[in-house]
Amino acid sequence: ISSTYACLGSLATYKKLRKARYALDVGSGTGYLTAAMALIMPKESRMFGIEHVPELVRKSIENIQNSNP
């Protein structure tokens with residue numbers, strides 16, 4: 001189980017995401033933190049999430065489609 005602090009808790013991580021062209025979230029769950037990290041990154045960047053639990057994959061896709069970033 002991940003937490004916001006574990007994923008985004010350090011200033012160093014935030015600074016890296018601000019400059020990243022690509023990022024990968026392994027075990028992305030419902031996609032909440034994947035989407036949050038994507039919003040931190042430059043617009044031309046690509047954020048990828050990988051999840052192996054089918055129910056979470058479906059929920060992640062649904063969440064992203066229903067969001068309005």
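Biologist: Among contacts in the chain between residues at least 6 apart in sequence, how many join residues at least 24 apart?

Modeller: Here 52% of those contacts join residues at least 24 apart. Keep in mind that this is a predicted model. One pair shows the idea: Lys59 and Gly29 are 30 residues apart in sequence, yet their C-alpha atoms are 8.3 Å apart in space.

Biologist: Before going on, I'd like an overview. How many helices and strands does the chain have?

Modeller: There are four helices and two strands. Going along the sequence, you meet them in the pattern α-α-β-α-β-α.

Biologist: And the strands, do they run parallel or antiparallel?

Modeller: To read that, you look at which way each strand runs and how they are bridged. Strand β1 covers residues 22-26 and strand β2 covers residues 46-50; they run parallel, with five bridges joining them. One bridge to look up is that of Tyr22, whose partner in β2 is Arg46.

Biologist: Which helix goes with β1 and β2 in a β-α-β unit?

Modeller: That's helix α3, residues 32-40, and the unit is right-handed.

Biologist: Let's zoom in on α3. How should I read a residue such as Thr34, buried or exposed?

Modeller: Go by the relative accessible area: under 20% means buried. Thr34 sits in helix α3, and its value is 10%, so it is buried.

Biologist: Which residues does Thr34 touch, not counting those up to four places away in sequence?

Modeller: Its neighbours on that count are Asp25, Ser28, Met47, Phe48 and Gly49. With Asp25 there is also a polar contact, side chain to side chain, at 2.6 Å.

Biologist: Where is Ser45 found?

Modeller: Look in the loop between α3 and β2. Being in a loop doesn't settle the burial question, though, and you read the number again: Ser45 has 13% relative accessibility and therefore counts as buried.

Biologist: What does the side chain of Ser45 reach?

Modeller: The backbone oxygen of Ala20, at 2.4 Å. Setting aside neighbours within four places in sequence, Ser45 is in contact with Ala20 and Arg21.

Biologist: Now for charged pairs. How many salt bridges does a search of the whole structure find?

Modeller: Two. In one, Glu55 pairs with Arg58, and the closest N and O atoms are 3.4 Å apart. In the other, the side chains of Lys59 and Glu62 meet at 3.5 Å, N to O.

Biologist: Why are Glu55 and Arg58 separated by about one helical turn?

Modeller: Because they are three residues apart in helix α4, which spans residues 54-66. Lys59 and Glu62 lie in α4 too, three residues apart, again about one turn of the helix.

Biologist: Is Glu55 buried or exposed?

Modeller: The cut-off for exposed is over 50%. Glu55 has a relative accessible area of 52%, so it counts as exposed. In the other bridge, Lys59 is partly exposed at 35%, and Glu62 is partly exposed as well, at 38%.

Biologist: Zooming back out, what share of the residues in the chain is buried?

Modeller: Buried residues make up 23% of the 69 in the chain. Thr34 is one of them, and so is Ser45.

Biologist: What does the accessible surface of the chain come to?

Modeller: About 5,400 Å², with 58% of that belonging to carbon and sulfur atoms.

Terms used
Residues numbered from 1 in each chain as written. Predicted model: local features only at pLDDT ≥ 70, side-chain atom pairs only at ≥ 80, totals over all residues. Heavy atoms only, no water. Salt bridge = Lys/Arg side-chain N within 4 Å of Asp/Glu carboxyl O. Buried < 20%, exposed > 50% of the residue type's maximum accessible area, 1.4 Å probe, protein only. Pairing = 2+ DSSP bridges. Right-handed = clockwise from strand over helix to strand, strands pointing away. Polar contact = N/O pair within 3.5 Å; in protein donor to acceptor, adjacent residues only side chain to side chain. Contact = heavy atoms within 4.5 Å. Areas by Shrake-Rupley, 256 points an atom, 1.4 Å probe, with all protein chains shown as cover.
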